Amino acid sequence: MLRRKLAVGMGLALSLVLGACSNTVGSEGEMTFVVAQPSSPPTLDPHYSNTAVAFTPINAIFEGLVRLDETGEILPALAESWEWLDNQTLEFTIREGVYFHNGDPLTMEDIAFSLERAATSPVSSTMLGGINTTSIQITGENSIRFSTYEPFFAILAHLGANGSIVSQRAVEELGADFGHHPVGTGAFKVERFVQGDQLELVRFEEYYGEAPQIDRLIFRAVPEATNRVILLETGEVQMAMNVLPSDISRVEDSPGLTLLRNTNLRAYSVHFNNEAAPFDNVLVRQALNYAIDTQMIIDTVLDGVGTALTGPLAPEVWGANTGLEGYPFNPERARDLLAEAGYEGGFATRIYSNSDSLNQAVVTVIAHQLAQVGIDAEIIINEPAVHLELMRYGNYTMALSGFTTTSFDADRGLIPMFDSASVMNNSNYSNPEVDRLLFAGRSEQDLNQRMAYFHEAQEIIVDEAPWAFLYSGENLVGIRNEVRGLILHASPAHRFNDVYLER
C-alpha cells in the first residue's frame, strides 16, 4: 500500500479544546451545526465544481477512493488499500458494506462510472484527465484497476482532492439536477438545497464509518463578512468562514468566540491576458510586477494576513520553488521596462475583480500603484459568477484571481494554469519548454527529480511573468467556544465527521 506525506511545514492541526455550552442543541437533543460562508455553491456535483465555497460541503456529502488529511497525507477512504502494479497502473481494494444516500449499495460499476466521469468532465479532468478510461477494469467483487496514459505520480493526490464517487443511477436519473440533489456515500446527506440561501445536510444513518455526532449540518450564504461575525456572536451560527482581517481582533476579543487561523494553499495573483496588447509583451508584464508593492497590500489592506509570493504557488504546496527572487517593489525599474517596451507614457487598461469587499480593496490599491508608473487601470467589479466566467474564457485584460492547489502537489497548481493546451490556462500563456518540464514532473517517480522539474518550470514562468504574483492566503475562521473536534484543512475541505458541540 502506498503512503505519501507531503512536506508542507505548517501547523494545520488546530484541534479545539474549548469551553462553554451550545445553544443549538434542540429540545429533543438534536445537535445542529451552522456554518456561515460567503456564498452558495453553484453546484454540488463534485465533477463540475471548482469554487472554494463548494469544497467543504462536497467533502461532507461525497467520498473518494482515498482522501487527503489536513497535511496532505493520502489516507484510505472507500478504498481500504491500493497497489501500484507498474508505474502507470493502480489497483484498489474497496471496502464492503458501503451505501449511497439513496439506499443503493456501492458497486464496482459505480466506481468505474465515477472514474470515467471525473476523467472526462471539463472541470475535474484538469486533475484526472490522465486516467485512461479504456483501461478501467473491474477485477473482482471488491477490486478495480485503471492505468494512466503516462506515468502520473500525483494521481493519488488528485483522486483525494477531486475523485468523488457518485451514484451512477442517481446521475443518470437526475441528469442536470444532480448538482442540486447529489447522492454520495459521505457522512452527511442533502435534505434541502436552496440556491443562494441555504444548504441543509443531515447525518447519514447508514454511513459505514463512525457516525458523526452532528445531526444537522447547515451552510448559510451570508455575503457580508461582518454579518457572518455578528451571527457568530449571537449564536445563530457556530462557524464563520472567511473572517475579514479587520475583524480578527473583534473575534479574538469576544469571550464566547475563538479565531482559528492557518496558512492555506491559495495563491493570489493578477492574471494578464498574454495574447492581448500590451500584455503580449513580456517587458510590460515584468514592469507591472515591479510596480505592485505586495508587502504594502499585506500590511495595510490585509492587516498582516498572508505571505508575499515570489512565484505562482503558495509556499506550503509540495514542489513550490521558494528560492525564487521574484519581483521586489521597484517602480523606477517598472518605468524603465515600460519605456523599453515602447510605453514610456504608460497606457490605459482595465483590471477586473469579483465583488468581495477585500478583493475590491486590493484592486483599488493596485490601480493606485500602477498609476504611479503611468498606467491608468479602470476597475471593473462583477458578481463572483460573472467574474468566474470572464476568467474561464479569458475575456479580460488584467484580473485578480485566487487559485487553490487542492491536492497539495505542484502538479495541480502548475499544469492546469500554465500548460499551453489546458482549458484552465485563462492567461493564454504558452511556452513549449515549460510544457515539457511540467509533464516531465508529472511522470517522474523520484521525488527529488520531480521537484527539480517543477522548480525549473517555475523559474521560467516567473521570468516570463504571465501573472503578477501577489500573496498566499490564510484561513480565518471564527467559531463558538462550544465547538469540539474541528481541524482546519488547508484546501479548505474542512471535515465535520468528528465535530460536535459541548452540551
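# Worked exercises on a predicted model

The axes of helix H13 (residues 410-418) and helix H14 (residues 432-443) come within 10 Å and cross at roughly 145°. Keep in mind that this is a predicted model. Let's work outwards from that helix pair.

**Exercise 1. Describe how H13 and H14 pack: what is the handedness of the crossing, and which residues meet?**

Step 1. Two packed helices are described by the angle between their axes and the distance between those axes. Here that gives roughly 145° and an approach within 10 Å.

Step 2. Add the handedness: H13 and H14 make a left-handed crossing.

Step 3. Now list the contacts. H13 brings Asp 411, Leu 414, Ile 415 and Phe 418, and these meet Asp 435, Leu 438, Phe 439 and Arg 442 of H14. Sorted by class, the contact has five nonpolar and three charged residues, with no polar ones.

**Exercise 2. Take Ile 415: is it buried or exposed, and which residues does it touch beyond four places in sequence?**

Step 1. Place the residue: Ile 415 sits in helix H13.

Step 2. Check accessibility. Ile 415 has a relative accessible area of 5%, and the buried class covers values under 20%, so Ile 415 is buried.

Step 3. Read off the contacts. Skipping residues up to four places away in sequence, Ile 415 touches Ala 410, Ser 422, Leu 438, Phe 439 and Arg 442.

Step 4. For a separation across the chain, try Leu 78: its C-alpha atom is 27 Å from that of Ile 415, with their positions 337 residues apart along the chain.

**Exercise 3. Characterise the second largest pocket: what is its volume, and which residues lie nearest its centre?**

Step 1. Rolling a probe the size of a water molecule over the atoms shows where empty space is left. For the second largest pocket, the volume comes out at about 260 Å³.

Step 2. Its lining has 18 residues, and Gly 129, Gly 130, Ile 415, Phe 439 and Arg 442 lie nearest the centre. Helix H3 (125-128), H13 and H14 are the elements that give two or more residues to this lining.

Step 3. Split the lining by class: nine residues are nonpolar, six polar and three charged.

**Exercise 4. Look at the backbone: which peptide bond from Ala 277 is cis, and where do Asn 242 and Ala 465 sit?**

Step 1. Most residues other than glycine have a negative phi, and most peptide bonds are trans.

Step 2. Going from Ala 277 to Pro 278, the peptide bond is cis, with omega near 5°. Pro 278 belongs to the loop between strand E12 (257-272) and helix H8 (282-291).

Step 3. Asn 242 has a positive phi, near 55°. Its loop runs between strand E11 (239-240) and helix H7 (248-253), and at 44% relative accessibility Asn 242 is partly exposed.

Step 4. Ala 465 also has a positive phi, near 50°. Ala 465 is in the loop between helix H15 (447-464) and strand E17 (467-480), and is buried at 0% relative accessible area.

**Exercise 5. Which residues does Glu 63 contact beyond four places in sequence?**

Step 1. Glu 63 is in the loop between helix H1 (52-61) and strand E2 (66-68), and it is buried at 10% relative accessible area.

Step 2. Beyond four places in sequence, Glu 63 contacts Leu 78, Gly 163, Ser 164, Ile 165, Thr 185, Gly 186, Tyr 207 and Tyr 208.

Step 3. Pick out Ser 164: it is 101 residues from Glu 63 along the chain, yet their C-alpha atoms are separated by 5.2 Å.

How values were computed
Residues numbered from 1 in each chain as written. Predicted model: local features only at pLDDT ≥ 70, side-chain atom pairs only at ≥ 80, totals over all residues. Heavy atoms only, no water. Axes fitted to C-alpha atoms, helices over the stretch in contact; angles between N-to-C directions. Helix = DSSP H or I, 4+ residues; strand = E, 2+ residues; numbered from the N terminus. Left-handed = near helix turned anticlockwise from the far one by under 90°. Contact = heavy atoms within 4.5 Å. Nonpolar A, V, L, I, M, F, W, Y, C, P; charged D, E, K, R; others polar. 1 Å grid on protein atoms, 1.4 Å probe; cavity = no way out; pocket = protein on both sides within 12 Å on 5 of 7 lines; lining within 4 Å. Points joined across faces, edges and corners; volume = space filled by probe spheres on them. Buried < 20%, exposed > 50% of the residue type's maximum accessible area, 1.4 Å probe, protein only.
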